2 protein chains.
Amino acid sequence: MLKSSVSKLFNIKYPIIQGGMAHVSRAELAAAVSNAGGLGLLGSSSMTPEELKEEIQQTRKLTSKPFGVNIAIMSPEPEAKVDICINGKVGIVFTAAGNPKLYTKKLKDAGIKVAHVVPSARLAEKAVQAGVDAVVCEGFEAGGHDGIEELTTLTLVPLVRRAVGNLPLMAAGGISAGSQIAAALALGADGVQIGTLFIATKECSAHSLFKQKIIEANETGTVFVARKYRPQRILRNPFAEKIAELDAKGASADEIRNAYGPERGRKGAIEGDWENGYFNCGQGAALITEIKSIAEVMESLVSGVRNGAKLVSLRGMK
Amino acid sequence: MLKSSVSKLFNIKYPIIQGGMAHVSRAELAAAVSNAGGLGLLGSSSMTPEELKEEIQQTRKLTSKPFGVNIAIMSPEPEAKVDICINGKVGIVFTAAGNPKLYTKKLKDAGIKVAHVVPSARLAEKAVQAGVDAVVCEGFEAGGHDGIEELTTLTLVPLVRRAVGNLPLMAAGGISAGSQIAAALALGADGVQIGTLFIATKECSAHSLFKQKIIEANETGTVFVARKYRPQRILRNPFAEKIAELDAKGASADEIRNAYGPERGRKGAIEGDWENGYFNCGQGAALITEIKSIAEVMESLVSGVRNGAKLVSLRGMK
């Protein structure tokens, strides 16, 4: 059993968090991860408050274990979602993409454990000041919207550990294997948050093409685009190539925003439109070779951590 | 004692390699690292063949331990440098930035151990086909010239491990602390190559301003520039800002090459010209807080590996 301050904080068996991703983190996935000993999160940024309410109820039907909700503060109606979590007696909220001062106190006053996602030690310090219970630091290799700092998980985790003292810390970005969880623990993390790997599972509601493209992605399968507008790592598809070309030409933030237009995330993740959608995806996709069940994924991660720990002693210091 | 296939291959105590960096990896530094139990490398890409010959002789005066030479295949006169290593009975050569097929056989026929530096699993496979004895994989967080793939050390090491089978593998990129060495071992590496940290030492011949700026660098202290011309991570100084602006404007490879002009590396590393030089530097600079002796650095790294290994068992799996 993986014991850490993260597993204690959330009362879970393994300190392995399934990231609350837009479009693809719904009840069935979150419940399956929680049932397998991790922590499942609903991704509320693509939901209306009413949809979030329904997903919370649905998740509760599927698991009696702890689960949580991710709220991107810059997504529509964040406060309504905060209220739904409070009224729905959700125990855990991960906030991201915005100022942690806005809702941390309100959530904590309602007895909710609050973690905040950051791309830098500077923003980790702000999260600590806001009173969060835990921090997730997310590196450049992560899928979806990333920090402009471009700090990689390997350098970010030790920096954030310095910044947050003993606060429970989760590493995120590029993690698709147990050996990488062991690495994150060596760096000072108490747990990890994983996204892409959980999309490529039977329980995830993502379009089957999305899952297949994750399996097919090799080491050049993702690209970091839109640095001027809203930096994002996505699968290298026709849409990504179009944005990458605009970036290379020196296009302005406005031009890139216009090229994005609306609903690209839904077109990709839900409709499986390879030409016109985008598909948030981390560099760790290159390590994923098959679509598994959540139970199989968790088992593989846990045995991988053991192997990674062994490698440190075998190859490392006695 | 850190025992691994890398320490066995090079007959060294710790599988910690000091990268052979242009301008700043000369006899005193390489000998000090080798004397402290690691492997020091001379950086030949900024040397003439004659200078390399002198540095090899000088290194031999300063240490009786194994040391090596880094040869960037795309730097001037690589074959003459290969011949100097052979004639000078250098035991170890690290090749980089070019096709490993060119000199691997010649070096190995002369009894020299050959490692090749790669930024991707694809190029690691090519190095294996060329017959190298070991591979260094270098992530996006590394200082100096990096791969266009932008793969981070955390994702690159497991990918390259898959690609090279049991071949001795060193991780590089962003490593400035023992915890990161432990992480690299967990990921499947048998050792590490470190650059920036060894610049910030008493024994390094780099200009004192360079060392000071590494100490001062925080998490936004380096920037990855010149993607279209020759991708490079450098300290964020006036020159770096100028190139970053050209990148953002969509400048062509030729425009960026012209803005570089000649001798920028020397201006930075040797002359300490903060305005006009460039300073190769990895993201790990943010973890470096003081200029130490090589002996102190090695001691700190080795105890840091132990701590990292402990964290994996404490926070990780029992």
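## A walk through the two chains

Start by selecting B:Ile17, which sits opposite B:Leu39 of strand E2 in chain B. Keep in mind as you click around that this is a predicted model.

**The barrel.** Now widen the selection to the two strands around that pair. Strand E1 of chain B covers residues 16-18, strand E2 of chain B covers residues 39-43, and 2 bridges join them in a parallel arrangement. Strands of a sheet pair through backbone hydrogen bonds, and they can do so parallel or antiparallel. Next, colour the rest of the ring: in chain B, 8 strands close into a barrel, and you can follow them in the order E1-E2-E3-E4-E5-E6-E8-E9, with parallel pairing. Going from one strand to the next, the twist averages 25°.

**Two helices beside the strands.** Select residues 27-35 of chain B to bring up helix H2. Of its 9 residues, 8 are buried, so H2 of chain B is largely enclosed by the rest of the structure. Which residues of H2(B) are buried? They are B:Ala27, B:Glu28, B:Leu29, B:Ala30, B:Ala31, B:Ala32, B:Val33 and B:Ser34. Step just past the end of H2(B) and you reach B:Gly37, which has a positive phi of about 105°.

Then jump to residues 49-62 of chain B, helix H3. This helix lies across E2 and E3 (67-72) of chain B, and runs at about 155° to E2(B).

**Where the chains meet.** Show both chains together. Here 50 residues of chain B are in contact with 50 residues of chain A. Try highlighting H6 (121-130), H7 (153-164), H8 (178-187), H11 (238-249) and H14 (294-315) in chain B: each of these helices supplies at least two residues of the side that touches chain A. The largest share, 9 residues, comes from H14(B). If you colour that side of chain B by residue type, you'll get 23 nonpolar, 17 polar and 10 charged.

**Turn it around.** A turn of 180°, with a shift of 0.0 Å along the axis, lays chain B on chain A with an RMSD of 0.0 Å. The two copies are thus related as by a two-fold rotation axis. Both copies use the same surface, too: 100% of the contact residues of chain B recur in chain A.

**Last stop, the core.** Which residues touch the most other members of the largest nonpolar core? Among its 226 residues, they are A:Val135, A:Ala186, B:Val135 and B:Ala186. Centre on A:Val135 and look for some of the residues it touches, including A:Ala115, A:His116, A:Val118, A:Val160 and A:Leu169.

Notes. Residues are numbered from 1 along each chain as its sequence is written. Chains are lettered from A and ligands numbered from 1 in the order in which they are written. This is a predicted model: local features need pLDDT of at least 70, side-chain atom pairs count only at pLDDT 80 or more; totals for chains, interfaces and linings use all residues. Copies are superposed by least squares on the C-alpha atoms of residues with pLDDT of at least 70 in both. Two residues are in contact if their C-beta atoms, placed from the backbone, lie within 7 Å. A nonpolar core is a set of buried Ala, Val, Leu, Ile, Met, Phe, Trp, Tyr and Cys residues joined through C-beta atoms within 7 Å. A residue is buried if 20 or more other C-beta atoms lie within 10 Å of its own, exposed if 12 or fewer, and partly exposed in between; C-beta atoms are placed from the backbone. Two strands pair if DSSP finds at least two bridges between them. Helices (H or I, at least four residues) and strands (E, at least two) are DSSP runs, numbered from the N terminus. Axes are lines fitted to C-alpha atoms, for helices over the stretch in contact, and angles run from 0 to 180 degrees between N-to-C directions. Ala, Val, Leu, Ile, Met, Phe, Trp, Tyr, Cys and Pro count as nonpolar, Asp, Glu, Lys and Arg as charged, and the others, Gly among them, as polar. Lists of a residue's contacts leave out its neighbours within four places in sequence.
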